[in-house]
Amino acid sequence: METPFTPPLPGGTWRLGDSTVTRFGYGAMQLAGPWVMGPPADHDGALAVLREAVGLGITHIDTSDAYGPRVTNQLIREALHPYPESLFIATKVGATRDAQGGWPTARRPEDLRKQVHENLDSLGVEALDLVNMRMGDAQGPRPDSIAEAFETLVALQQEGLIRHLGVSNVTAEQVAEARGIAPVVCVQNMYNLAHRHDDDLVDHLAADGIAYVPFFPLGGFTPLQSEALSRVASRLGATPMSVALAWLMRRSPNILLIPGTSSTAHLRENIAGAGLALSDEDMAELDGVGRA
Ligand SMILES: NC(=O)c1ccc[n+]([C@@H]2O[C@H](COP(=O)([O-])OP(=O)(O)OC[C@H]3O[C@@H](n4cnc5c(N)ncnc54)[C@H](OP(=O)(O)O)[C@@H]3O)[C@@H](O)[C@H]2O)c1
């Protein structure tokens with residue numbers, strides 16, 4: 001029987017702790033219902049996207065038990081369990097959901113312990129590949145100490161419930177504070193072509209071999225829009241989304257992509273887009289969009 005052709009994923013791989021992941025990953029948040037609450041309109045479609053992602057070779061999926069809540073983790077489990085050996089599932093703790101769809105912070109040791117156990121349960125695993133300690137709030141990072149929260153995750157790691165630790169929605173100072181407590185394999189912050197406040201942090205982490213995982217790589221709930229982006233895209237005969245992903249892929253080797261989509265067509269388009277070759281001229285033009 002003919003073996004279906006699986007194109008190699010753009011960007012190659014990255015070493016996250018003791019695991020190797022594809023730099024092109026998948027963010028599962030958009031699989032839940034509107035505003036990340038409740039089930040998806042198309043349950044089978046959501047399962048198909050997850051299976052397609054893994055079928056195309058993606059080995060890094062980002063999720064959280066707060067998505068839905070519980071919805072995306074349960075979809076991941078339904079679609080992919082028992083998980084392939086190569087699959088690395090990153091989750092995050094630090095917030096829960098309220099009835100209005102808000103994201104109240106929950107970072108006391110007992111909250112974090114509960115969230116880790118909920119993630120273990122909904123994903124159906126004995127240890128989580130990676131837990132990001134999410135700080136700040138919906139407006140972004142806040143300058144408080146990460147120590148108590150991160151130390152709680154370190155204790156859970158020592159109990160064998162977590163394999164690797166990361167931090168999310170954090171300041172550079174919080175990254176340094178966490179790294180002073182235990183190894184951090186990735187930082188997951190908002191960053192894209194138009195939001196470049198972490199430029200220095202990206203480079204600093206690259207020099208130290210730590211992954212930077214931008215959330216909202218396509219702009220999240222507000223799609224990226226810029227004249228320069230549209231100009232470069234039309235010159236290349238590509239979509240602005242494709243160019244935005246290709247820019248991130250080329251921006252730094254430690255950047256891991258986790259674009260979200262609820263559509264297999266968009267998933268394929270994004271993989272192809274991230275592999276677009278951008279010239280130095282394209283990069284210079286795109287660099288002008290959001291550089292601080
Ligand atoms: N740590 C944190 O605090 C935090 C916060 C937010 C998100 N995250 C993580 O980051 C991941 C990525 O963020 P995100 O999914 O919110 O935002 P995103 O990747 O920037 O954008 C996703 C949006 O873009 C649309 N899209 C994707 N591909 C497209 C294409 N080719 N053409 C047109 N539209 C396209 C999707 O709609 P369709 O479904 O129609 O494709 C979806 O509405 C999330 O899945 C989540 O895992 C983490």
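**View 1. Phe216, a buried residue with a positive phi**. Phe216 is buried, because 21 other C-beta atoms lie within 10 Å; a residue counts as buried if 20 or more other C-beta atoms lie within 10 Å of its own, as exposed if 12 or fewer do, and as partly exposed in between, with C-beta atoms placed from the backbone. Although Phe216 is not a glycine, its phi is positive, at about 55 degrees, and its place is in the loop between β9 (211-212) and α7 (227-236). Helices (H or I, at least four residues) and strands (E, at least two) are DSSP runs, numbered from the N terminus. The model is predicted, and local features need pLDDT of at least 70, side-chain atom pairs count only at pLDDT 80 or more, and totals for chains, interfaces and linings use all residues. Residues are numbered from 1 along each chain as its sequence is written.

**View 2. Arg70 and two cis peptide bonds**. In the loop between β4 and α2 lies Arg70, a residue other than glycine whose phi is nevertheless positive, near 75 degrees. Arg70 counts as partly exposed, because it has 18 C-beta neighbours inside 10 Å. The loop between β4 (60-62) and α2 also holds Pro69, which is joined to Gly68 by a cis peptide bond with omega of about -15 degrees. A cis peptide bond also runs from His81 to Pro82, with omega near 0 degrees, and Pro82 is found in the loop between α2 and β5.

**View 3. The open parallel sheet**. Seven strands, in the order β3-β4-β5-β6-β7-β8-β9, form an open sheet with parallel pairing, where two strands pair if DSSP finds at least two bridges between them. At the edges stand β3 (26-27) and β9, each with a single partner strand, so one side of each is left without a neighbour in the sheet. Strand β6 is largely enclosed by the rest of the structure, because seven of its seven residues are buried. Four bridges pair β5 with β6 in the parallel sense, and Lys92 has Asn132 in β6 as its bridge partner. The chain crosses from β5 through α3 to β6 in a right-handed β-α-β crossover, which is the case if, with the strands pointing away from the viewer, the path from the first strand over the helix to the second runs clockwise. Between β6 and β7, which run parallel, there are six bridges, and the bridge partner of Leu130 in β7 is His164. The crossover from β6 through α4 to β7 is right-handed.

**View 4. Helix α3 and its buried face**. Helix α3 (residues 109-123) has 15 residues and spans 21 Å from its first C-alpha to its last, close to the 21 Å expected, a value equal to 1.5 Å times one less than its number of residues. Its buried residues are Leu112, Gln115, Val116, Asn119, Ser122 and Leu123. Seen down the axis of α3, these residues fall within an arc of 140 degrees, so they line one face of the helix; the arc is that of the directions from the helix axis to the C-beta atoms. They pack against several elements, including β5 (88-93), β6 (128-134) and α4 (147-158). Just after α3, Gly124 takes a positive phi of about 75 degrees.

Conventions
Contact = placed C-beta atoms within 7 Å.
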